[in-house]
Amino acid sequence: MASDLRSRLEELVPLQRERLKEIKKNYGKVSLGDTTVDMGIRFRGFSLPECQAKLPAAKEGGEPLPEGFLWLLLTGEVPTKEQVDTVTADLRSRSKVPGHVFDVINAFPVTAHPMTQLTAGVMALQTESEFAKAYETGIHKTKYWEPIYEDAMNLIARLPEVAAFIYSRTYKGGVLHEADPNVDYAANFAQMLGFQDELMHELMRLYISIHSDHEGGNVSAHTVHLVGSALSDPYLSFAAGMNGLAGPLHGLANQEVLRWLQELVAQVGSDVSRKQLSEYVYKTLKSGKVVPGFGHAVLRNTDPRYMCQREFALKHLPNDPMFKMVSDLFEVVPPILLEGGKVKNPYPNVDAHSGVLLQYFGLTEQNFYTVLFGVARALGVLSQLIWDRALGLPIERPKSMTFEYIENYCESKFAA
């Protein structure tokens, strides 16, 4: 078996192409039925606790390295520490950002939203696209995945420096922190943001890993797939996905949680009883608002990404007042939401916890949180994009129907 990621993919692509052909041949007319979500989020079949146990970490008993998640997402295999180290070294060798990218970002006022700056920076990186060059000169469609892979890895490698530059110019007066060639992807990103605390490095490893992938139906992941299906290169596709992530209903949820918690503290105080929490939750609901951080459009049980963060907090900051409040809400909110009878999932999701952890370690600039999300999500959506091209998936053309067609079709079905 190959020891580096590119070589391993070269071994896997022909096998998976044949597998897809056989599936289409033998089962092309079979309906897969309804999708259930009882098992929660999985990464190539592994639950998050399994990933934490199986994937290599930077230190014994620590959080898994995002490079290991990237290997898993691309190959479906649990890598060795040596294989993960090759990914770290490969990303490091690709991480140099061209100067014109910074020039493009600097053309924005520092008051521009960090996500606006991020998508502009990604578009500026597009001048480096290997796929765009290969397609222009002519490349066989069975080889599309190869320059797509190069673009994806280059983009993943360069995003931390672009994000750190945005953070610096927007919030820190332009003070930059150099990359450290001796540490892993997440630790280096944290250091470029100005955080030297090893626990913050561990949090960044956890944060990037659990936000890297979800499923293809969320806005950012589906947008990257949709735009990429037109053979737009990874830079164009990812920039489109990030514009989706910037939407309040997708990438801003953890900020909504923090604001709600801060309003709670302002009105009730930080030393709050569960009875007071219950009263504030009822007050929020009676005002016609939702309790942010609870419920999920897809999941029907407690988000495992929430549980991973809760375990991190229990281990490293058990006495933090904000964590204690989040922990109490974990017990208080679900029974209240269930009383109404309309909520399908009353349990906390990933956003109920992430902002509190970032605040604890000093990353308090809430508008930057979506950029962190974007850096992490790159691992998942770009892994999917590589396989889209490797398997030769066609352009996506969603079917549209008029109200009249739907009414006539349904009436005829009921009449039968």
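Helices, at least four residues long, are DSSP runs numbered from the N terminus. The model shown in these close-ups is predicted.

**Close-up A. Gln366 sits in the loop that joins helix H17 to helix H18.** H17 covers residues 351–360, and H18 covers 369–390. Gln366 is buried, because its relative accessible area of 14% falls under the 20% limit. Beyond its neighbours within four places in sequence, Gln366 is in contact with Gln255, Leu258, Arg259, Gln262 and Gln359.

**Close-up B. Leu65 lies in the loop between helices H2 and H3.** The flanking helices are H2 (48–54) and H3 (66–75). Relative accessibility is 3% at Leu65, so this residue counts as buried. Residues up to four places away in sequence aside, Leu65 touches Pro56, Ala57, Ala58, Lys81, Val84, Asp184, Arg205 and Ser209. One of these partners, Arg205, is 140 residues away along the chain, yet the C-alpha atoms of Leu65 and Arg205 are separated by 5.8 Å.

**Close-up C. Ser129 caps the N-terminal end of helix H7.** The helix runs over residues 130–137. A side-chain oxygen of Ser129 lies 3.4 Å from the backbone nitrogen of Phe131. After H7 comes Gly138, with a positive phi near 105°.

**Close-up D. Cys51 and Cys308 are not joined by a disulfide.** The structure holds zero disulfides. For Cys51, the nearest cysteine sulfur is that of Cys308, 8.8 Å away. For Cys308, the nearest cysteine sulfur is in turn that of Cys51. A disulfide needs the two sulfur atoms within 2.5 Å, so this pair does not qualify. Cys51 is buried, with a relative accessible area of 1%. Cys308 also counts as buried, at 3% relative accessibility.

**Close-up E. Arg44 has a positive phi and is not a glycine.** The angle is near 50°. Arg44 is found in the loop between strand E1 (42–43) and strand E2 (46–47). With a relative accessible area of 40%, Arg44 is partly exposed.

**Close-up F. Leu231 has a positive phi although it is not a glycine.** Here phi is about 65°. The loop holding Leu231 runs between helix H11 (219–228) and helix H12 (234–245). Leu231 counts as partly exposed, at 26% relative accessibility.

Note on methods: Residues numbered from 1 in each chain as written. Predicted model: local features only at pLDDT ≥ 70, side-chain atom pairs only at ≥ 80, totals over all residues. Heavy atoms only, no water. Polar contact = N/O pair within 3.5 Å; in protein donor to acceptor, adjacent residues only side chain to side chain. Helix = DSSP H or I, 4+ residues; strand = E, 2+ residues; numbered from the N terminus. Buried < 20%, exposed > 50% of the residue type's maximum accessible area, 1.4 Å probe, protein only. Contact = heavy atoms within 4.5 Å.
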